[in-house]
Amino acid sequence: MFLSYFTILITLFTSFGEPVTDKKKKLADEETRFEEDVRIFNETHEATFRYFWEWAHPVSGLTPRRSLKNKRYDIGIGASGFGIQAIIVGAHRGWVTREEVVDHLLKVTDFLENKAVRYHGVFPHLIHGETGQLIKFAGQDGADIQETSNMMMGLLVARAYFDKNTPKEKQLRENITKLWEAVDYTVHEYQDGLWWNHSDNQEENNGLKLLMKGYNEAMTSYVLALGHPKHAIKKSSYQAYVNGKNFVNGRKYFGYTLDLGKPKGGPLYLAQTPFVTMDPRDMQDQYTFYWTRSIAHSLINWTYCFKFAPEEYGYSQEDWGLTASQIPGGYNNRAGPSKDKGVIAPSGALGVFPYVPYQSMMALRNFYENHKEGLWDKYGFKDAYSIKDNWYSDRYLGLDQGRTVIMMENYRSGLFWELSKKIPELQVAKEKMEIHSPDHKTGFPLAVKENISQRVQLIRHPELKAYHLDYFLENKGKVSFEFETINGVVTTLFPSKSKSKGMHQLVFNKGQFLSGTKGKIIMKIDGKPTNELAVQLY
């Protein structure tokens with residue numbers, strides 16, 4: 001009798017080995033922590049958007065390349081393309097009105113059409129925000145196809161987003177289509193490839209410089225060049241890109257196989273720029289599944305920073321993110337594990353939120369709570385910092401701000417990935433590139449385990465306020481899910497329900513799970529265990 005009563009007491013006062021009172025306090029503390037994380041996320045997202053809204057050039061409405069007061073006229077065409085997507089985020093989130101953004105973009109497209117210098121429809125890298133004239137950059141004195149492609153991708157997204165049958169939105173769509181159709185990609189096509197720059201002043205090589213080859217941000221240019229409705233390049237011209245150095249890789253770094261790209265992945269912007277609009281979850285070809293490739297790239301960068309970087313750099317699991325950025329005394333456009341200068345760029349970690357949300361959230365919390373004094377200002381986190389040199393950047397860079405805003409939104413809502421499906425030119429191009437939807441098997445095909453813990457780290461989504469996990473069914477069936485802790489305690493996450501073939505999302509609440517709980521999620525089909533995934537809940 002005594003033993004039975006004692007057992008009941010233990011059951012009442014403990015749960016997963018924690019006294020009830022202690023566990024309640026921990027759960028309450030974790031809820032407070034989560035609410036603060038969501039607040040930091042929202043504040044960072046909006047502040048970063050404000051760079052494109054408030055710091056836009058007053059005449060053109062375009063984005064200054066840097067936040068230097070005496071250089072506000074110095075407009076980056078690529079940064080402005082990202083800026084168009086960034087202010088769409090503002091409208092989508094209600095930070096500004098839809099009508100305000102439409103009026104702003106009408107000003108932008110009018111300036112691009114009637115004032116900005118173009119060469120066969122292609123813009124240079126930099127232009128003057130008031131006159132629209134060329135500003136020479138790194139020896140360039142003509143057209144820049146990659147900067148133009150970033151601009152065009154932003155414009156095409158705007159054309160898809162502003163789809164109402166109002167006079168202003170109709171005019172905006174017409175303006176965008178006119179600018180887009182004027183871009184002649186064939187001028188940059190030579191020797192079965194696209195070339196980055198074109199100058200009428202250069203006589204040799206048809207006036208072309210820098211062949212776009214190997215895995216890099218040029219995927220954006222090839223997609224638009226192949227899908228262009230009037231001036232498309234030949235399908236064979238894609239071969240320079242896929243046959244270039246550092247395209248196929250296939251080696252392992254810190255336990256992660258990297259199908260494509262530079263050794264150890266290179267700068268994180270290579271996992272960001274092509275996918276600010278295109279949805280890597282829906283892109284597979286003979287070379288890779290672009291979603292898992294981007295996750296591997298992100299985890300390689302994270303693992304290097306806290307386990308293999310020089311100790312004097314002061315990196316950690318929270319101080320991470322190597323990508324092109326300002327550095328003390330200059331700029332490093334090759335920053336990555338192989339070209340590390342001891343400088344962290346917040347846009348590196350924050351721009352891969354869709355791929356590794358746990359690692360990105362830990363970085364965001366760290367930037368805000370431990371580096372805010374040196375790093376934070378009106379438009380969110382400045383470009384970079386170095387613990388080793390006790391140095392903080394004094395400026396924002398438009399390209400980095402743009403990738404941050406857009407990819408944080410893709411994590412929150414998938415906004416631009418959904419809009420990309422409404423851009424027919426992208427579908428034409430992907431077919432030519434032989435990029436198709438992945439051939440998934442039943443299970444959790446989008447999940448990639450972190451190699452140290454051999455688990456997928458799950459955090460609650462800031463919009464859902466719950467955990468979420470994508471799963472795929474090859475056939476229709478009755479599916480259910482359970483979570484089994486490493487101590488053998490089983491919790492039903494999703495009761496048996498009939499689901500169609502295809503991708504679905506498992507969403508479940510935190511409930512009584514303490515942060516750090518390890519276990520496995522078990523998928524059952526028609527009551528039989530089919531797949532399981534090792535996870536850790538935070």
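**Arginine 66 and aspartate 74**

I began with arginine 66, which makes a salt bridge to aspartate 74, their closest N and O atoms being 3.1 Å apart. For this I take a salt bridge as a side-chain nitrogen of Lys or Arg within 4 Å of a carboxyl oxygen of Asp or Glu. Both arginine 66 and aspartate 74 are buried. My cut-offs are under 20% relative accessible area for buried, over 50% for exposed, and partly exposed in between (1.4 Å probe, protein chains only).

A note to self before going on: this is a predicted model, where local features need pLDDT of at least 70 and side-chain atom pairs count only at pLDDT 80 or more, while totals for chains, interfaces and linings use all residues. Residues are numbered from 1 along each chain as its sequence is written, and side-chain values use heavy atoms, with hydrogens and water left out.

Aspartate 74 also meets arginine 65 in a salt bridge, at 3.3 Å from N to O. I looked up the cover of this pair too: aspartate 74 has a relative accessible area of 5%, so it is buried, whereas arginine 65, at 24%, is partly exposed.

**Aspartate 37 and helix H11**

How many salt bridges does the rule give? The count comes to 33. One I liked joins the side chains of aspartate 37 and arginine 365, with N and O 2.6 Å apart. Aspartate 37 sits in helix H2 (residues 20–54) and arginine 365 in helix H11, so this bridge ties together parts that are 328 residues apart in sequence. Helices here are DSSP runs of H or I with at least four residues, strands are runs of E with at least two, and both are numbered from the N terminus. Aspartate 37 is buried, its relative accessible area being 8%.

Next I checked helix H11 itself. It covers residues 357–370, 14 residues in all, and spans 19 Å from first to last C-alpha, close to the 20 Å expected at 1.5 Å a residue. That expected span is 1.5 Å times one less than the number of residues. Is H11 mostly covered or mostly open? It is mostly covered, with 11 of its 14 residues buried; among them are Tyr358, Met361, Leu364 and Phe367.

Proline 357 belongs to H11 as well and is buried at 18% relative accessible area. I noted a long-range pairing here: proline 357 and leucine 458 are 101 residues apart in sequence, yet their C-alpha atoms are 7.9 Å apart in space.

**Two positive phi values**

Which residues other than glycine did I find with positive phi? Asparagine 205 has phi near 55 degrees, and phenylalanine 254 also has phi near 55 degrees. Asparagine 205 is in the loop between strands E7 (195–198) and E8 (208–211), and its 25% relative accessibility makes it partly exposed. Phenylalanine 254 is in the loop between strands E9 (248–253) and E10 (256–260), and is partly exposed at 24%.

**A positive patch**

Last, I turned to the surface, where Lys213, Lys245, Lys262, Arg334, Lys339 and Lys341 form a positive patch. Patch residues have over 30% relative accessible area and no salt bridge, with like charges joined within 9 Å. Lysine 341 falls in the loop between strand E12 (330–332) and helix H10 (346–350). With 49% relative accessibility, lysine 341 counts as partly exposed.

How values were computed
Patch = residues over 30% accessible without salt bridge, like charges linked within 9 Å, V, L, I, M, F, W, Y side chains within 5 Å. Areas by Shrake-Rupley, 256 points an atom, 1.4 Å probe, with all protein chains shown as cover. Lys, Arg positive; Asp, Glu negative; His and termini not counted. Charge placed at Lys NZ, Arg CZ, Asp CG, Glu CD.
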